[in-house]
Amino acid sequence: MSASAAALGLVNRLLTLGATDIVVAPGSRSGPLARAAAAADAQGLLRLHVRVDEREAAFLALGIAKVTGRVTPVVTTSGTAVANLHPAMLEALHSNAPLLAVTADRPGRLRGTGANQTTVQPGIFPGVPFLDAVEGIGGLTVNGPAHLNLELDEPLTEAVDWRFEPVGAWDPIFRLDDVLNVEPGPRTVVIAGDRSSRRARQVAEAGNWPLIAEPSSGSRTGPALTSGRLLLGRPELVDRVERVMSFGHSTLGRATTALLSRDIEIVHVGDQSTFPVPAGPRVSFVDEVEVESTDDSGWLAEWQAADAAVSTAVASVIESAGAEADPLRVAASVWAAVPPEGLLVVGASNPIRDLDLVAPAFPVGERRKVVANRGLAGIDGTLSTAVGAALGRSSSAAFAYVGDLTFLHGSNGLLIGPGEPRPDLTIVVANDDGGSIFAALEQGAPEYADGFERVFATPTGANIGALCQAFGVPHERVTASDLPDVLAKTSTDLRVVEVPVPRDARRELSAAIAAVCALRPMED
Ligand SMILES: Cc1ncc(C[n+]2csc(CCOP(=O)(O)OP(=O)(O)O)c2C)c(N)n1
Ligand SMILES: [Mg+2]
């Protein structure tokens with residue numbers, strides 16, 4: 001098959017799969033694919049996004065895939081370009097996102113020779129389904145990534161009349177084989193990790209059980225507790241739990257992991273890939289749970305009362321603290337700024353955990369979307385994921401909320417050429433000049449203070465405003481107390497709002513919150 005025919009076939013297959021967008025990074029070997037993508041864009045069939053940095057291109061496609069649920073291709077040339085897709089492919093693999101890497105390759109006969117830009121591309125992403133022909137993508141699912149490697153031979157430019165039409169029909173089958181009916185009885189809590197969907201909230205409501213939902217679970221709504229993760233540090237509650245209904249991928253706290261490691265009945269909607277510890281004999285993996293009737297003991301009321309008390313205590317710590325509580329004020333302001341139908345993409349490290357400490361549940365049915373790359377919790381690619389999510393979903397307002405290192409690590413996400421689709425997205429950077437998360441972990445203990453700044457905190461002193469200027473992105477530097485007003489102003493462009501926050505009192509802040517909540521020590 002000629003390279004142009006492969007490119008035509010690719011677009012036709014993508015249309016069959018219902019793809020809406022295609023991300024392309026430049027290159028010669030991938031030229032026919034790029035030309036086909038540009039033609040499909042010109043015909044209004046696919047929206048094309050061009051990026052020069054393949055790592056960011058892949059995270060951009062990932063962001064689109066995460067909010068649309070549709071197969072989203074990222075197209076690269078051969079060689080190191082392919083390897084740059086790996087971080088996003090791994091995140092897609094561990095968060096079941098339908099990211100499709102389409103990599104141009106030299107003809108196989110050149111492999112193992114000194115031919116330019118030629119390496120072993122098949123199987124370069126272990127664990128990711130591999131295809132070497134466009135026909136294969138008809139068999140794709142929307143539950144994870146795939147790698148399509150196309151050996152393209154010359155000529156790489158031909159006069160082509162790009163006429164596209166979908167090939168055949170695609171009917172993804174969603175099967176719910178394993179539905180477990182559960183009765184009230186055992187004292188139950190519902191844990192909602194990343195990407196739980198609203199099912200966790202619905203199950204908690206049906207059973208009248210406490211709901212502890214991570215910010216990106218999709219279930220931090222309605223009855224979800226505000227201080228759920230803190231309550232898991234309270235022995236008088238947590239030690240009495242007899243059963244857990246677990247949804248999504250829980251990664252934020254050791255207290256959650258400890259609960260899911262206990263020798264009690266645990267029902268996890270999903271499989272081992274989203275369950276954070278090796279499953280013991282009392283863990284069952286199911287596709288769905290149906291709750292037969294409601295728990296009418298006072299179990300939920302106990303959790304709600306404790307939640308109210310702990311949330312008030314946390315609020316008073318924040319209120320009475322000085323600037324050391326600014327990171328939590330930033331988190332609260334960002335959460336409060338997301339309107340109904342709004343979007344929030346949250347970075348790893350403290351931003352997601354700070355939200356988890358202070359974010360009250362949103363009302364049910366207002367369709368906010370909160371996205372986080374919790375598959376592998378990387379700090380890479382977050383800006384591009386946010387740009388992709390903002391472009392992939394029509395939102396009333398779109399925000400990203402990241403730490404400074406996360407921002408700097410993925411700052412090439414701001415490199416968007418003129419004429420490319422550009423999102424209305426406000427990126428809030430909590431800048432504490434380094435990684436503050438380590439201060440509250442083991443490494444941050446005073447006895448390890450030697451070298452802590454250099455090898456863990458890693459301050460950079462980078463000038464975020466100057467960086468934004470280089471990318472032509474508007475930038476403001478504001479105080480934590482001014483942030484609510486700044487976020488209330490609607491933005492019709494990509495913009496960066498930098499909030500300087502202190503890092504040196506992080507450990508003390510965690511300790512103060514733990515003390516006021518009467519928690520077991522050293523829960524993160
Ligand atoms: C790609 C990648 N490299 C390294 C890490 C380890 N890591 C976790 S948090 C963190 C620091 C993040 O700093 P920042 O974004 O400023 O957030 P803060 O901790 O200050 O809230 C690092 C390096 C990671 N998660 N992902
Ligand atoms: Mg930081």
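Reader: What makes strand E3 and strand E4 a pair, and in which sense do they run?

Author: In this predicted model, five bridges join strand E3 (residues 72–76) to strand E4 (residues 99–105), and the two run parallel. Two strands count as paired if there are at least two bridges between them, so the five bridges here satisfy the criterion. One of the residues involved is Val75, whose bridge partner in E4 is Val102.

Reader: Why are E2 and E5 called edge strands?

Author: E3 and E4 belong to an open sheet of six strands, which has the order E2-E1-E3-E4-E6-E5 and parallel pairing. Strand E2 (47–50) and strand E5 (130–131) each pair on one side only, and they are therefore the edge strands of this sheet.

Reader: What makes E14, H12 and E15 a β-α-β unit, and of which hand is it?

Author: The strands come first: strand E14 (residues 343–346) and strand E15 (residues 369–372) pair in the parallel sense over four bridges, and Val345 has Val371 of E15 as its bridge partner. Together with helix H12, these strands make a right-handed unit; the crossover is called right-handed because, with the strands pointing away from the viewer, the path from the first strand over the helix to the second runs clockwise.

Reader: Which elements supply the shell around ligand 1, and what is the character of its residues?

Author: Helix H12 (350–358) and helix H14 (404–409) each supply at least two residues of that shell, and the largest share, three residues, comes from H14. In total 17 residues surround ligand 1, the closest being Ser349, Asp404, Thr406, Gly434 and Ser436. The shell divides into six nonpolar, eight polar and three charged residues.

Reader: How do you know that Asn350, Leu405 and Ser436 make polar contacts with ligand 1?

Author: The cut-off for such a pair of N or O atoms is 3.5 Å. A polar backbone atom of Asn350 is 3.4 Å from an oxygen atom of the ligand, that of Leu405 is 3.0 Å from a ligand oxygen, and a backbone N or O atom of Ser436 lies 2.8 Å from one, so these pairs qualify as polar contacts. Taken alone, ligand 1 exposes 590 Å², of which the protein buries 75%.

Reader: What makes Asp404, Asp432 and Gly434 donors of the magnesium ion, ligand 2?

Author: Their atoms, OD of Asp404, OD of Asp432 and O of Gly434, lie 2.0 to 2.1 Å from the ion, and the cut-off is 2.8 Å, so they count as donors. Along the chain they follow the spacing D-x27-D-x1-G. Because Asp404 lies in helix H14 and Asp432 in the loop between strand E17 (425–431) and helix H15 (452–457), the pair ties together parts that are 28 residues apart in sequence.

Reader: Where do Pro155 and Ser197 lie, and what sets their backbones apart?

Author: Pro155 is found in the loop between strand E6 (146–151) and strand E7 (179–182), and a cis peptide bond, with omega about 10°, joins Glu154 to Pro155. Ser197, in the loop between strand E8 (188–192) and helix H6 (199–207), has a positive phi of about 70° although it is not a glycine. Most residues other than glycine have a negative phi, and most peptide bonds are trans.

Note on methods
Residues numbered from 1 in each chain as written. Chains lettered and ligands numbered in written order. Predicted model: local features only at pLDDT ≥ 70, side-chain atom pairs only at ≥ 80, totals over all residues. Heavy atoms only, no water. Near = heavy atom within 4 Å. Polar contact = N/O pair within 3.5 Å; in protein donor to acceptor, adjacent residues only side chain to side chain. Areas by Shrake-Rupley, 256 points an atom, 1.4 Å probe, with all protein chains shown as cover. Nonpolar A, V, L, I, M, F, W, Y, C, P; charged D, E, K, R; others polar. Donors = N, O, S within 2.8 Å, 3.2 Å for Na, K, Ca; no water.
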